[in-house]
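I sat down with this model today to look up a few residues and both ligand sites. These are my notes, in the order I took them.

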Amino acid sequence: MANMENSDPDKMFGLTGHMIWGLSIGALMIIRLTTRILSKSPQQTESGNVMLNSGARIAHLGLYFLVFAMVGSGIGIAISADLFSIVFSGSGPSLPADFNIFPARIAHGAIASFLLILIGLHFAGWAYHQFFLGDHLINRMWFGKRNSPDELTVQPKTTP
Ligand code: HEM
Ligand code: HEM
């Protein structure tokens, strides 16, 4: 979308979809975080390395933070450029020639790059657990019992 001129007739369609998806992600993340805080969580994962354990904790916090920052800065652009009126109600002034005049737009682009890097690291962490430790950590992302911490502790595969 960044490569599409604001004067392009398709821009409005792209923006409508982007804003609806972006706001929906924000709503889903609020539901997710509320559930996470209010319900019992599995024990902290044990990777066998103190640095990796705290790195994973920081990375997960970072993922929450950056997703909310994406949505927050997106709303920032929308408020600065009056996009809620222009895009959703078809009223208000026309689109500005370029969104880059708004600090929120610069932040949105920079946060997107950080988020991509962190998702890449997160994916690498998953691959490390899946293929190196062999503990199938991904199974913890599904529904399950939360009452017995023992059942929820991920066991790394044992070598015979
Ligand atoms: C997690 C949610 C979101 C993600 C992952 C996301 C992602 C992106 C990305 C990658 C870009 C292009 C950045 C660049 O190349 O520099 C962008 C641009 C933009 N986003 Fe979002 N966004 C999100 C939420 C939102 C929301 C909630 C809004 C508004 C309510 C919004 C409004 C915009 C606008 C106006 C642009 C500028 C388009 C342009 O420069 O032509 N975004 N977004
Ligand atoms: C590429 C595919 C992905 C895989 C295979 C994956 C895998 C995982 C796994 C296995 C966990 C569980 C860690 C644990 O139980 O301790 C996890 C947690 C998490 N993932 Fe992903 N993930 C992926 C993509 C993403 C993306 C795109 C985001 C957000 C932008 C994300 C955000 C998170 C967060 C915030 C947590 C921590 C959840 C919590 O403890 O509340 N993940 N992921």
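**Entry 1: Gln-44**

I started with Gln-44, which sits in the loop between helix 1 and helix 2. I kept in mind throughout that this is a predicted model. Is Gln-44 buried or exposed? I found it partly exposed, because its relative accessible area is 43%, which falls between the 20% limit for buried and the 50% limit for exposed. Next I looked for its partners beyond four places in sequence, and they are Asn-53, Arg-57 and Arg-140. I also checked Gln-44 against Ser-54: they are ten residues apart in sequence, and their C-alpha atoms are 9.8 Å apart.

**Entry 2: overall layout**

I stepped back to the whole chain. I counted five helices and zero strands, so the pattern along the sequence is written α-α-α-α-α under the helix and strand assignment used here. Of the 160 residues in the protein, 27% are buried. I then took the contacts with a separation of 6 or more, and 64% of them join residues 24 or more positions apart.

**Entry 3: ligand 2 and its iron**

Which residues come closest to ligand 2? I noted Arg-32, Arg-36, Thr-45, Tyr-64 and His-122, out of 15 residues that surround it. By type, the shell has nine nonpolar, three polar and three charged residues. Helix 1 (11-38), helix 2 (50-80) and helix 4 (103-133) each bring at least two residues to the shell.

I went through the polar side chains one at a time. Arg-36 has a polar side-chain atom 2.4 Å from an oxygen atom of ligand 2. For Arg-32, a side-chain N or O atom is 2.7 Å from an oxygen atom of the ligand. His-122 puts a polar side-chain atom 2.7 Å from a nitrogen atom of ligand 2.

Which protein atom serves as donor to the iron of ligand 2? I found NE2 of His-122, at 2.0 Å, and it is the only protein donor. His-122 belongs to helix 4.

**Entry 4: ligand 1**

Then I turned to ligand 1. I found 21 residues around it, with Lys-11, His-18, Gly-74, Arg-105 and His-108 the closest. A polar side-chain atom of Lys-11 is 2.3 Å from an oxygen atom of ligand 1. Arg-105 also faces an oxygen atom of ligand 1, with a side-chain N or O atom at 2.7 Å. For His-108, the partner is a nitrogen atom of ligand 1, 2.8 Å from a polar atom of the side chain.

**Entry 5: Asn-6**

Lys-11 led me to Asn-6, since the two side chains make a polar contact at 3.2 Å. Asn-6 is in the segment before helix 1. I wrote Asn-6 down as buried because its relative accessible area is 12%, and the limit is 20%. What does the side chain of Asn-6 meet at Pro-96? It is the backbone oxygen, 2.7 Å from a polar atom of the Asn-6 side chain. Beyond four places in sequence, Asn-6 touches Lys-11, Leu-95, Pro-96, Ala-97, Asp-98 and Phe-99.

**Entry 6: the nonpolar cores**

Leu-95 and Phe-99 turned up again in the largest nonpolar core, which has twelve residues, among them Leu-15, Met-19, Ile-77 and Ala-78. Helix 1, helix 2 and helix 3 (83-89) each give two or more residues to this core. Helix 3 gives the most, three residues. A second, separate core has eleven residues, including Met-29, Ala-59, Tyr-64 and Leu-66. My background note here: in soluble globular proteins, nonpolar side chains tend to be buried together.

I took a closer look at Ala-78. Setting aside residues up to four places away, it touches Met-19, Leu-83 and Phe-84.

**Entry 7: two odd phi angles**

Last, I checked the backbone. Most residues other than glycine have a negative phi. Asp-82 has a positive phi of about 60° although it is not a glycine. It lies in the loop between helix 2 and helix 3, and I put Asp-82 down as partly exposed because its relative accessibility is 31%. His-136, not a glycine either, has a positive phi of about 50°. I located His-136 in the loop between helix 4 and helix 5 (149-152). With 40% relative accessibility, His-136 counts as partly exposed.

Note on methods: Residues numbered from 1 in each chain as written. Chains lettered and ligands numbered in written order. Predicted model: local features only at pLDDT ≥ 70, side-chain atom pairs only at ≥ 80, totals over all residues. Heavy atoms only, no water. Near = heavy atom within 4 Å. Polar contact = N/O pair within 3.5 Å; in protein donor to acceptor, adjacent residues only side chain to side chain. Helix = DSSP H or I, 4+ residues; strand = E, 2+ residues; numbered from the N terminus. Nonpolar A, V, L, I, M, F, W, Y, C, P; charged D, E, K, R; others polar. Core = buried A, V, L, I, M, F, W, Y, C linked by side-chain atoms within 4.5 Å. Buried < 20%, exposed > 50% of the residue type's maximum accessible area, 1.4 Å probe, protein only. Contact = heavy atoms within 4.5 Å. Donors = N, O, S within 2.8 Å, 3.2 Å for Na, K, Ca; no water.
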